[in-house]
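Hi everyone, thanks for making time. Could you pull the structure up on the screen, please?

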Amino acid sequence: MAQTYSIEFKEEACERVQSGVPVAQVARELGVNVNTLYTWMSRFKEHPADPFVGSGNLHQEDAELRALKKRIKDLEEENEFLKKSKRLLCQEPERTAFLYKACKL
């Protein structure tokens, strides 16, 4: 089972590395894998104000980006549906005479 570390523990480890202590030494002293410490360091550098948001959570920018991508996908699907609907309605204008004017738009 993977061990979980507190946010304070991770931040302290990152601050020690930033103060000049070698990564390998900090990892050995704290009993963590060197690669784990490098991952923490990259997150710490990327988001210095809030580097470790927790399991299942996203940074504000990442959450906004995900929501915008979902919105774009939904709009593209809706647009595709409307295009197909228009094609179907316009194929037989005598059956859909009341909708035929919409096909001319």
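I'll start with the whole chain and then turn to one helix.

A quick word on the ground rules: this is a predicted model, where local features need pLDDT of at least 70, side-chain atom pairs count only at pLDDT 80 or more, and totals for chains, interfaces and linings use all residues. Residues are numbered from 1 along each chain as its sequence is written, and side-chain values use heavy atoms, with hydrogens and water left out.

The protein chain has five helices and zero strands; here helices are DSSP runs of H or I with at least four residues, strands are runs of E with at least two, and numbering goes from the N terminus. Of its 105 residues, 17% count as buried, meaning under 20% relative accessible area with a 1.4 Å probe and protein chains only, while exposed means over 50% and partly exposed lies in between.

Now to helix 3, residues 34-46. With 13 residues at 1.5 Å each, helix 3 should span 18 Å, and its end C-alpha atoms are indeed 18 Å apart; the expected span is 1.5 Å times one less than the number of residues.

Which residues of helix 3 are buried? They are L37, W40, M41 and F44. These cover an arc of only 105 degrees around the axis, so they sit on the same side of helix 3; that arc is taken from the directions from the helix axis to the C-beta atoms. Helix 1 (7-18) and helix 2 (23-30) are among what covers these buried residues, judged by contacts, meaning heavy atoms within 4.5 Å. On the face turned away from the buried side, helix 3 carries the exposed residues N35 and E46.
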